[in-house]
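The exercises below are meant to be worked with the sequence and the model side by side. Each one sets a task and then gives a solution that goes step by step.

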Amino acid sequence: MCEIVEKQIYKSRKIVLLTKHKKDRAIRPILEKATGCSLIVETGFDTDKLGTFSRDIKRPKSQLDTARLKIKKGLQLSKACIGIASEGSFGSHPYMPVPWNVELVLLYDEKENFEMSGIYESSDTNLDHLLTGSFEEALTFVKKIGFPQHYIIIRPEDSENNKIIKGVNNYERLKEAYEWCYSKSCSGKVFIETDMRAHANPTRMKNIAKAAEDLISKLMSFCPNCGAAGFIITERVRGLPCELCGLPGEMVLKNISKCYKCSHTQEQLYPNGRTASAQYCNFCNP
Ligand SMILES: [Zn+2]
Ligand SMILES: [Zn+2]
């Protein structure tokens with residue numbers, strides 16, 4: 001018990017979170033319990049200006065740079081010294097035909113110039129859409145995606161139409177919105193999609209919490225030399241020898257952890273065994 005209290009690295013410190021989509025619900029319990037901080041929510045900047053999932057505002061920067069920008073705005077508005085931000089992305093898995101959600105929770109300590117990220121990747125997402133001219137089909141679709149706990153977005157014509165109705169979260173509104181979009185549609189179709197904003201999507205909120213947990217587990221790894229937080233693997237050196245021919249290959253030979261504060265370095269040789277399977281060898285299995 002004493003141990004845990006001792007390691008509350010941000011005890012009584014303020015950490016600012018810029019969000020208009022209630023991401024504090026996912027982040028606050030995990031962050032405050034583990035670090036002893038008090039999370040303050042800043043809503044004085046419209047984060048949708050940095051990009052939306054519904055394509056009405058394109059995200060000009062990468063996921064990481066957008067999170068950094070959110071932290072910067074949060075720090076400016078709040079005068080806090082530590083900021084946290086969450087930024088998600090949705091797409092397809094790089095190798096499999098399944099939808100893929102990558103959640104990033106980033107923390108930045110301005111005084112220490114210290115940045116740490118938590119990541120969670122998952123196929124557990126309801127990301128989906130439907131182009132239809134049938135309200136019955138629309139009803140089947142919304143049931144499948146977990147409506148009304150999960151909100152939907154609806155518009156006339158197709159995915160790029162700029163007449164967007166967001167935040168649809170009950171059947172009465174769904175019918176109204178559907179009829180309005182249908183009446184505005186020249187093609188007789190409406191485009192319905194899942195709303196991926198955190199407050200509109202409990203499945204995503206859960207994934208954000210998992211990313212926050214990843215951040216905490218990285219923060220809570222301490223430098224054996226100076227005790228600074230966030231002592232994690234910073235480099236993976238490849239070149240593990242092949243089990244048959246002994247030539248160095250692409251598998252990891254050693255992991256290197258480096259402290260951001262005192263530069264103390266620790267090497268871990270053979271994190272995944274002393275030799276690599278010949279199936280990964282360019283010589284034995286070209
Ligand atoms: Zn250190
Ligand atoms: Zn070999």
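## Exercise 1: A salt bridge across the chain

The side chains of Arg204 and Glu103 meet in a salt bridge, with 2.6 Å from N to O, where a salt bridge means a side-chain nitrogen of Lys or Arg within 4 Å of a carboxyl oxygen of Asp or Glu. The model is a predicted one, in which local features need pLDDT of at least 70 and side-chain atom pairs count only at pLDDT 80 or more, while totals for chains, interfaces and linings use all residues. Residues are numbered from 1 along each chain as its sequence is written, chains are lettered from A and ligands numbered from 1 in the order in which they are written, and side-chain values use heavy atoms, with hydrogens and water left out.

Task: state which elements hold Arg204 and Glu103, and how many residues apart they are in sequence.

Solution. Step one is to place the partners: Arg204 lies in helix 6 and Glu103 in strand 4, so the pair ties together parts that are 101 residues apart in sequence. Helices (H or I, at least four residues) and strands (E, at least two) are DSSP runs, numbered from the N terminus. Step two is to look at accessibility, where both Arg204 and Glu103 turn out to be buried; buried means under 20% relative accessible area, exposed over 50%, and partly exposed in between, with a 1.4 Å probe and protein chains only.

## Exercise 2: Further charged pairs

Task: find which residue forms a salt bridge with Lys206, and where the two partners lie.

Solution. Lys206 pairs with Asp124, the closest N and O atoms being 3.7 Å apart. This pair links distant parts of the chain, since Lys206 is in helix 6 and Asp124 in the loop between strand 5 and strand 6 (129-132), 82 residues apart. Lys206 is partly exposed at 45% relative accessible area, and Asp124 is partly exposed at 37%. A pair within one helix can be set beside it: Lys218 and Asp214 meet in a salt bridge at 3.1 Å, N to O, and, being 4 residues apart in helix 6, they are separated by about one helical turn. The structure holds 20 salt bridges, and Arg55, Arg155, Glu160 and Glu193 are linked in a network of them.

## Exercise 3: The zinc site

Task: name the residues that coordinate the zinc ion (ligand 2), and explain why the arrangement is called tetrahedral.

Solution. The first step is to list the donors, which are N, O and S atoms within 2.8 Å of the metal (3.2 Å for Na, K and Ca), with water not among the atoms, so sites may look incomplete. The zinc ion (ligand 2) is coordinated by the SG atoms of Cys242, Cys245, Cys281 and Cys284, at 2.3 to 2.4 Å. The second step is to check the angles: the 4 donor atoms subtend 105 to 112°, which makes the arrangement tetrahedral, as four donors count as such if all angles lie between 85 and 135 degrees. The third step is to read the spacing of the donors along the chain, C-x2-C-x35-C-x2-C. Cys245 lies in the loop between strand 10 (233-238) and strand 11 (252-258) and Cys281 in the segment after strand 12 (265-269), so the pair ties together parts that are 36 residues apart in sequence. Cys245 is partly exposed at 30% relative accessibility, whereas Cys281 is buried at 5%.

## Exercise 4: The nonpolar core

Task: decide which element supplies the largest share of the largest nonpolar core.

Solution. A nonpolar core is a set of buried Ala, Val, Leu, Ile, Met, Phe, Trp, Tyr and Cys residues joined through side-chain atoms within 4.5 Å. Of the 24 residues in the largest one, those touching the most other members include Tyr10, Ile15 and Leu107. Several elements each supply at least two residues, among them strand 1 (14-18), helix 2 (24-35) and helix 6 (202-219), and the largest share, 8 residues, comes from helix 6. A second, separate core of 17 residues includes Leu130, Ile152, Ile165 and Ala177.

How values were computed: Tetrahedral: all angles 85-135°; square planar, octahedral: opposite > 155°, others 65-115°.
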